[in-house]
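Me: I should like to learn how to read the features of a structure that is new to me. Could you guide me through it?

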Amino acid sequence: MTARFDVLVVGAGPAGLAAAQAAASHGARVGLLDAQPRPGGQVWRHDVRKQAPRAAVAAMQQTAAAGVEFLAQHQVVAAEPHGLLVETPQGARHVHYGALILASGARELLLPFPGWTLPGITGAGGLQALVKQGWPIAGKRVAVAGTGPLLLAAAATLRAHGAQVLGIFEQAPAAAVNAFARQLLHWPARAVQAISLRARLAGVPYRFGSIVRSAHGSEHDNHKLCAIEIEDTRGRHRLECDHLAVGYGLLPNVELAQLLGCALAYGTPEYASAHPHVIVDGLLRTSVADVYAAGEACGIGGLAAARVEGLIAGHAAAGATDAAIALQPRRAKERRFAALLAKHFALDSRVHDLAAPQTMICRCEDVSLSALDGFIDARAAKLATRCGMGACQGRICGSALAEIGRFTRSGARPPLFPIRLSTLAQAEVAPPLSDEYRGH
Ligand SMILES: Cc1cc2nc3c(=O)[nH]c(=O)nc-3n(C[C@H](O)[C@H](O)[C@H](O)COP(=O)(O)OP(=O)(O)OC[C@H]3O[C@@H](n4cnc5c(N)ncnc54)[C@H](O)[C@@H]3O)c2cc1C
């Protein structure tokens, strides 16, 4: 089955929704696809207990009213000469385009530490997403840890669903977080959001310079998490809990951009990063003709940056350059906020040394840190140990190893996700197979 659009948008988060609506407003035939069953992306993920925020409802209504065709549960798995190979619950599809906008968002950075694979431990945004979709958390004792404002948002969601949030353990020092808070005066909407989050978390301790060193499971309850060891300015102490939600910030999803050959960069002149983002110009064009990128894929910038970038990319992809240029000052302002976040929540070097030699690094394939000794790069380690060959295709362990300075990230290869063989059989050009399909 083949479909064709003037403008195709990958990712129906805030950036993709804005891009689709902007492109459609110029009369383009627009397709908006997402692996998820509903639009909204991460921040506007459907919550079984709560109505979507007004801005989310408006964005979804505007997109539908503009005549955008939403392709739900469409996961892009490979790039083809004239389009994308997409897997759906019904089978494979080829989706062709005149212009393509990548709004593939971000994922959490998870860093391994002793005990991090115990049942009861998830990413901070990961637990937030599970709970929004109905995971029972009421009455559970939850510690939230890692770094960045997402910890507050996750903790507020968990509390709203009845969790007993024991504390938020932020790795950044108090001085950095306070300096960040002072800067919020230049972004009044952000300041209001932060105050409202703190109000929703009244009574929950917010500790700085705090790192979860290890997690411990109960011998009487299937090794489920029962306690964590936290290191802070006062030393180390133990905290009993049922869940730990721990995430060390976000990193851009660039794998599809990589497959398409888009140029990537690591960090900016102001801050270095172990994780690449897509390079774009003022009209959000990537280095590949007719391919644009918007939102977190261009570097972690938050909701407001994602929305304005979506608009710019949508206008530009539909040929409305003036409308795109008019939004550039707004984008520049939001990107300044992103730089502020990166600076004040930079990772403390202590979090790079959390894993012990026997700590599991690749949880899909049970590979420990010491099993990677002696390999010169990620690919050599992968071929010999299967590290990164499991269901997540290295999205977790590969990013963690890059962050701790062990290996740089290896390039993306099709298929981007594990897929059915019937989908692979329908590829227009047989993609070079990933190692696991070759039976290594
Ligand atoms: C787990 C998590 C929780 C978050 N929670 C909050 C929060 O509570 N508050 C907040 O302000 N910010 C939150 N953020 C940050 C938030 O992601 C951004 O600020 C904002 O949503 C970015 O919008 P976006 O459109 O760029 O990306 P996203 O919202 O991430 O949307 C990207 C979309 O692309 C889709 N996609 C990616 N690759 C493919 C593919 N190959 N095929 C098909 N579809 C694909 C994804 O399914 C997703 O729906 C969270 C981030 C994460 C990772």
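The dialogue below takes up the domain, the nonpolar cores, the cysteines, the ligand and one loop residue.

Me: What should be known before reading the values?

Reply: This is a predicted model, in which local features need pLDDT of at least 70 and side-chain atom pairs count only at pLDDT 80 or more, while totals for chains, interfaces and linings use all residues. Residues are numbered from 1 along each chain as its sequence is written, and side-chain values use heavy atoms, with hydrogens and water left out.

Me: Which feature does UniProt place at residues 5-299?

Reply: UniProt positions are given in the numbering used here, feature names are shortened, and annotations may be inferred rather than shown by experiment. The unreviewed UniProt entry gives "domain: FAD/NAD(P)-binding" for residues 5-299. The C-alpha atoms at the two ends of this span are 27 Å apart, and its content is 24% helix and 33% strand.

Me: How many residues does the largest nonpolar core have?

Reply: In soluble globular proteins, nonpolar side chains tend to be buried together. A nonpolar core is a set of buried Ala, Val, Leu, Ile, Met, Phe, Trp, Tyr and Cys residues joined through side-chain atoms within 4.5 Å; buried means under 20% relative accessible area, exposed over 50%, and partly exposed in between (1.4 Å probe, protein chains only). Here the largest core has 56 residues, and Val7, Val9 and Leu260 are among those with the most contacts inside it. Apart from it lies another core, of 30 residues, including Phe337 and Leu341.

Me: How many disulfides does a search of the whole structure find?

Reply: A disulfide is a covalent bond between the sulfur atoms of two cysteines; the criterion is a pair of cysteine sulfur atoms within 2.5 Å. The search finds zero disulfides. For cysteine 298, the closest cysteine sulfur belongs to cysteine 262 and is 9.9 Å away, too far for a bond. Cysteine 298 counts as buried, at 8% relative accessibility.

Me: Which residues come nearest to the ligand?

Reply: A residue is near a molecule if one of its heavy atoms lies within 4 Å of it. Of the 30 residues around the ligand, those that come nearest are Ala15, Asp34, Gln42, Val76 and Gln128. A backbone N or O atom of valine 76 is 2.9 Å from a ligand nitrogen atom, whereas glutamine 128 places a polar side-chain atom 2.9 Å from a ligand oxygen atom.

Me: Is valine 351 buried or exposed?

Reply: Valine 351 is buried, with a relative accessible area of 1%.

Notes. Helices (H or I, at least four residues) and strands (E, at least two) are DSSP runs, numbered from the N terminus. A polar contact is a pair of N or O atoms within 3.5 Å; within protein, one must be able to donate a hydrogen and the other to accept it, and residues adjacent in sequence count only if both atoms are side-chain atoms.
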